[in-house]
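User: Please take a close look at the surroundings of the ligand in this model. Which parts of the chain form them, and what contacts are made there?

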Amino acid sequence: MSARLVVLVSGAGTNLQAMLDGCADPAYGAQIVAVGADREGIEALARAERAGIPTFTHRVKDFPDRADWDQALTQSCAAARPDLIVLAGFMKLVGDQFLGAFGGRVINTHPALLPAFPGMHAVRDALDHGVKLTGCTLFLVDAGLDSGPTIAQAAVPVLDEDDEATLHERVKVAERSLLVETVGRMVRDGWAVAGRKVRIGP
Ligand code: GRF
């Protein structure tokens, strides 16, 4: 039986698209059962709709406070009965209720080699710092900012002529393959967490 994935998005949705393409192969071991967003009118939602996947959107500003937003997000995700939730360019921190319901089964992708350059501007921060190697990190989401246990990483060179856009594009190519490959291994083989160490495998 294939694992049920909910993917949360905020933008272009190229990582979502890579997951949709990966899930098209029955041997992959997972299906995307819902896509959720924190804003309307984004290409990621259009990609989900084109693929016939149910979507939901909860905007923080439509709720009296952040906890109410978190509750709505939690309920919409729970209704899809996910085995795993993938934050794929989702630009919000999830809250206590969400982590209480799904903690240990939520993964996020970040465009830097954590713990270097956490936060919203990872690519720009890496460029400004002058590092020669950056990359992407897949991690288990905890209550902190990009602080959970590392699942997988891939390195990407920084070139002298890079600007934020060219470097981000190179990172995203690596990010999409890492995400699809790693989620596939997780759903097919399972994973175990000991402290900060995540091991994929039976
Ligand atoms: C990714 O680089 C993700 O790590 C970052 O935003 C980008 C999302 O890209 N937080 P997309 O929407 O999947 O194309």
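Analyst: The answer below starts with the whole chain, turns to the ligand site, and ends with two backbone details.

The model is predicted. Its chain is built from six helices and nine strands. The C-alpha atoms occupy a box of roughly 45 × 45 × 35 Å along the principal axes. A compact globule of 202 residues would have a radius of gyration near 17 Å, and the chain has 16 Å, so the value agrees with that expectation.

Within this fold, the ligand sits in the largest pocket. Three elements each give two or more residues to the shell around the ligand, namely α1 (14-23), β5 (106-110) and α6 (164-189). Of these, α6 gives the most, with three residues.

The shell has 13 residues around the ligand, and those that come nearest are G13, T14, H168, K172 and E175. By character, the shell divides into three nonpolar, eight polar and two charged residues.

Several polar contacts can be described atom by atom. At H168, an N or O atom of the side chain is 2.7 Å from an oxygen atom of the ligand. The backbone also takes part: a polar backbone atom of G13 lies 2.8 Å from a ligand oxygen. For T109, the distance between a polar backbone atom and an oxygen atom of the ligand is 3.3 Å. On its own, the ligand has 370 Å² of accessible area, of which the protein covers 90%.

Two features of the backbone complete the account. The first concerns the loop between β5 and α5 (122-129), where P115 is placed. The peptide bond that leads from L114 to P115 is cis, and its omega is near 10°. The element β5 that precedes this loop is also among those that give two or more residues to the ligand shell.

The second concerns R81, which is found in the loop between α3 (66-79) and β4 (84-87). Although R81 is not a glycine, its phi is positive, near 45°. Both features depart from the usual pattern, because most residues other than glycine have a negative phi and most peptide bonds are trans.

Methods:
Residues are numbered from 1 along each chain as its sequence is written. This is a predicted model: local features need pLDDT of at least 70, side-chain atom pairs count only at pLDDT 80 or more; totals for chains, interfaces and linings use all residues. Side-chain values use heavy atoms; hydrogens and water are left out. A residue is near a molecule or strand if one of its heavy atoms lies within 4 Å of it. A polar contact is a pair of N or O atoms within 3.5 Å; within protein, one must be able to donate a hydrogen and the other to accept it, and residues adjacent in sequence count only if both atoms are side-chain atoms. Accessible areas come from the Shrake-Rupley method with a 1.4 Å probe; for residues, only the protein chains shown count as cover. On a 1 Å grid over the protein atoms alone, a cavity is a set of points where a 1.4 Å probe fits but cannot get out, and a pocket is an open set with protein on both sides within 12 Å along at least five of seven lines; lining residues have an atom within 4 Å of a point. A molecule sits in a cavity or pocket if more than half of its atoms lie within 2 Å of its grid points. Helices (H or I, at least four residues) and strands (E, at least two) are DSSP runs, numbered from the N terminus. Ala, Val, Leu, Ile, Met, Phe, Trp, Tyr, Cys and Pro count as nonpolar, Asp, Glu, Lys and Arg as charged, and the others, Gly among them, as polar. The radius of gyration is taken over C-alpha atoms; the globule rule is 2.2 Å times the number of residues to the power 0.38.
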